[in-house]
Amino acid sequence: MIPYQYVTLRVVPRVEREEFVNVGVVLFADEVGFLDAAFEVDEDRLGALFPALDLGAVEASLAVVCDVCRGVTGRGRPELPTAGKRFGWLAAPRSTVVQPGPRHGGLAADPAIALEKLLDRLVRRAPIR
């Protein structure tokens, strides 16, 4: 089993209200050099809860997260040489609309599968039965 750490990414349009919606997960498994993010933005849900929210800004922020995971630099993205440093930057608290939650850990045989399972559990809406 491979140990990993992850953070849930949240849309927090008005920090003073302490309301948020989970939109993604970033997962880091140092042992195998895995760092990736997965997202699912439910535009209808966000629009109903936060009608003035700029969805374009949310999607742009999530694109930056993906770039940082891949090590893309420039245009305001940090130059961080290792996946561990990039995860640390992504997991650090910030005062933007897209914020990381607390770090958590786990074990998985395959970090990519664990990332999808976390997205199912923490972000995606459960199907109506």
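Select Gln99 and Thr96 in this predicted model. The side chain of Gln99 comes to 3.1 Å from the backbone oxygen of Thr96. Gln99 sits in strand S4, which covers residues 98-100. Is Gln99 buried or exposed? With a relative accessible area of 16%, Gln99 is buried, because the cut-off for that class is under 20%.

Keep Gln99 selected and show what surrounds it. Apart from neighbours within four places in sequence, Gln99 contacts Thr8, Leu9, Arg10, Val12, Val15 and Arg94. Thr8, Leu9 and Arg10 from this list can be coloured together, since they fall within the range 2-11 given for strand S1.

**The largest pocket**

Next, display the lining of the largest pocket: Leu9, Ser61, Val64, Val65, Trp89, Leu90, Arg94, Thr96, Val97, Val98, Gln99 and Pro100. Which elements give two or more residues to this lining? They are helix H2 (55-70), helix H3 (83-91) and strand S4. The volume of the pocket is about 180 Å³. Colour the lining by class, and 8 residues come up as nonpolar, 3 as polar and 1 as charged. Gln99 and Thr96, the pair selected at the start, are both among the lining residues. Leu9 and Arg94 also line the pocket, and both are in contact with Gln99.

**Two cysteines**

Now select Cys66 and Cys69. How many disulfides does a search of the whole structure find? The search finds 0. Cys66 takes part in none, and the nearest cysteine sulfur to its own belongs to Cys69, 6.3 Å away. Why is there no bond from Cys69 to Cys66? The sulfur of Cys69 has its closest cysteine sulfur in Cys66, but 6.3 Å is too far for a bond, because a disulfide needs the two sulfur atoms within 2.5 Å. Both residues are buried: Cys66 has a relative accessibility of 19%, and Cys69 has a relative accessible area of 6%.

**A loop residue**

Move to Glu18, in the loop between strand S1 (2-11) and strand S2 (21-29). Check its backbone: phi is positive, at about 60°, although Glu18 is not a glycine. Relative accessibility here is 69%, so Glu18 counts as exposed.

**Strand S3**

Select Phe34, which belongs to strand S3, residues 34-39. Phe34 is buried, at a relative accessible area of 19%. Leaving out residues up to four places away in sequence, Phe34 touches Leu27, Phe28, Ala29, Pro111, Ala112 and Leu115. Then add Ala48 and draw the C-alpha to C-alpha distance from Phe34. The two residues are 14 apart in sequence and 35 Å apart in space.

**Strand S1**

The last stop is Pro3, in strand S1. Pro3 counts as partly exposed, with 39% relative accessibility. What does Pro3 touch, not counting residues up to four places away in sequence? Its contacts are Ala29, Glu31, Gly106 and Leu107. Ala29 has come up before, as one of the residues that Phe34 touches. To finish, draw the C-alpha to C-alpha distance from Pro3 to Leu46. It is 33 Å, for a separation of 43 residues in sequence.

Conventions:
Residues are numbered from 1 along each chain as its sequence is written. This is a predicted model: local features need pLDDT of at least 70, side-chain atom pairs count only at pLDDT 80 or more; totals for chains, interfaces and linings use all residues. Side-chain values use heavy atoms; hydrogens and water are left out. Helices (H or I, at least four residues) and strands (E, at least two) are DSSP runs, numbered from the N terminus. Buried means under 20% relative accessible area, exposed over 50%, partly exposed in between (1.4 Å probe, protein chains only). A polar contact is a pair of N or O atoms within 3.5 Å; within protein, one must be able to donate a hydrogen and the other to accept it, and residues adjacent in sequence count only if both atoms are side-chain atoms. Contact means heavy atoms within 4.5 Å. On a 1 Å grid over the protein atoms alone, a cavity is a set of points where a 1.4 Å probe fits but cannot get out, and a pocket is an open set with protein on both sides within 12 Å along at least five of seven lines; lining residues have an atom within 4 Å of a point. Grid points are joined across faces, edges and corners, and a volume is the space filled by probe spheres set on the points. Ala, Val, Leu, Ile, Met, Phe, Trp, Tyr, Cys and Pro count as nonpolar, Asp, Glu, Lys and Arg as charged, and the others, Gly among them, as polar.
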